[in-house]
Amino acid sequence: MSKIEIACFNPESALIAFENGADRIELCDGLSEGGTTPDFETVQQLREKINIPIFVMVRPRGGDFTYSDEEFEQIKSDLIHLKSLNVDGFVFGILDENDEVNIEQNKTLVELAKPLPCTFHRAFDRAKDLEKSLEKVIECGFTTILTSGQKPNVSEGKENLKKLVELSNGRIEILVGGGLRSSNIQEIREFTKAGYFHSSAITDGGAFANSEEIVALRNK
């Protein structure tokens, strides 16, 4: 059976994910922006109720993944604050002006996060050159890459996802996400040979995870 991470954009979804057997939660805010740093108080309250791993997104705004000096300072201080709330890991990703993985800034954050693991999020799908970007993310010390294979969704990106799983060769986890649902997880898993999958489990265009969809993702 695959491992399932549910992207949760509100506390309700996090509790639904926890109660329906998700392996891990990616907690964020800003659904319409594709995920931003959640409220510290929300994180604190959820930590008291949830005992599966909570990985928290650290992203100060929607839009691109290149940040000003002030924004980078904000990211660092948010990460330090969240670390004190006993989260289990972090999700972020910084590119430079040329849409290449910003090794220096990402490395700094991975160091700050230690000993907690870090996932490089879908900024990877905007980065240039699949193979070089993979090596750079590994060099920065991330444990996971969340990706749809540099395509709009996992179905279109499955060739690249398969390639990433092969190229990574166990050095980093390829977390498959982006348009992933219970209706396509089986086909994507068999094709890519990935072992960890990421979905919001939102089935009605709303904001909340659907409990039946989480169970279906787990059981496929």
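Modeller: Contact means heavy atoms within 4.5 Å of each other. Helices (H or I, at least four residues) and strands (E, at least two) are DSSP runs, numbered from the N terminus. This is a predicted model, in which local features need pLDDT of at least 70 and side-chain atom pairs count only at pLDDT 80 or more, whereas totals for chains, interfaces and linings use all residues. Residues are numbered from 1 along each chain as its sequence is written, and side-chain values use heavy atoms, with hydrogens and water left out.

Colleague: Against which helices and strands do the buried residues of H6 pack?

Modeller: They pack against helix H5 (130-140), strand S6 (144-147), strand S7 (173-177) and helix H7 (185-192). Helix H6 itself covers residues 158-168, and its buried residues are Leu-161, Leu-164, Val-165 and Ser-168.

Colleague: What puts these residues on the same side of H6?

Modeller: The arc, taken from the directions from the helix axis to the C-beta atoms, is only 100 degrees for these residues, so they lie on the same side of H6. In general, an α-helix has 3.6 residues a turn, so residues three or four places apart point the same way. Glu-159 and Glu-166 are exposed and belong to the face of H6 turned away from its buried side. Just after this helix, Asn-169 has a positive phi of about 50 degrees.

Colleague: Why is Ser-133 called buried?

Modeller: The word depends on relative accessible area: buried means under 20%, exposed over 50%, and partly exposed in between (1.4 Å probe, protein chains only). Ser-133 has a value of 1%, so it is buried. This residue belongs to helix H5. Leaving out residues up to four places away in sequence, Ser-133 touches Val-101, Phe-124, Ala-127 and Lys-128.

Colleague: How do you know whether Val-137 is buried or exposed?

Modeller: Its relative accessible area is 0%, so Val-137 is buried. Val-137 is also found in helix H5. With residues up to four places away in sequence not counted, the residues it touches are Val-101, Phe-120, Phe-124, Phe-142, Ile-145 and Ile-172. Val-137 and Thr-119 are 18 residues apart in sequence, and their C-alpha atoms are 9.4 Å apart.

Colleague: Is Asn-86 buried or exposed, and what makes it so?

Modeller: Asn-86 reaches 55% relative accessible area, and it is therefore exposed. It lies in the loop between H3 and strand S4 (89-92). Its phi is positive, about 65 degrees, although it is not a glycine.

Colleague: Why is Asp-99 counted as partly exposed?

Modeller: Its relative accessibility is 32%, so it falls in the class between buried and exposed. Asp-99 is in the loop between S4 and H4, and it too is not a glycine, yet has a positive phi of about 60 degrees.

Colleague: What makes H3 and H4 roughly parallel to each other?

Modeller: Axes are lines fitted to C-alpha atoms, for helices over the stretch in contact, and angles between N-to-C directions run from 0 to 180 degrees. Angles under 35 degrees count as roughly parallel, over 145 as roughly antiparallel, 65 to 115 as roughly perpendicular and the rest as oblique. Helix H3 (residues 69-83) and helix H4 (residues 103-113) pack at about 20 degrees, with axes 10 Å apart, and they are therefore roughly parallel. In this contact, Phe-72, Ile-75, Lys-76, Leu-79, Ile-80 and Lys-83 of H3 meet Gln-105, Thr-108, Leu-109, Leu-112 and Ala-113 of H4. These residues divide into 7 nonpolar, 2 polar and 2 charged; Ala, Val, Leu, Ile, Met, Phe, Trp, Tyr, Cys and Pro count as nonpolar, Asp, Glu, Lys and Arg as charged, and the others, Gly among them, as polar.

Colleague: Why are H5 and H6 called oblique to each other?

Modeller: They pack at an angle of about 45 degrees, with their axes 11 Å apart. That angle belongs to none of the other classes, so the two helices are oblique. The contact is made by Leu-130, Glu-131 and Leu-134 of H5 and Asn-160, Lys-163, Leu-164, Leu-167 and Ser-168 of H6. Here the division is 4 nonpolar, 2 polar and 2 charged.

Colleague: What kind of peptide bond leads from Lys-114 to Pro-115?

Modeller: The bond is cis, with omega near 5 degrees. Pro-115 is placed in the loop between H4 and strand S5 (118-120).
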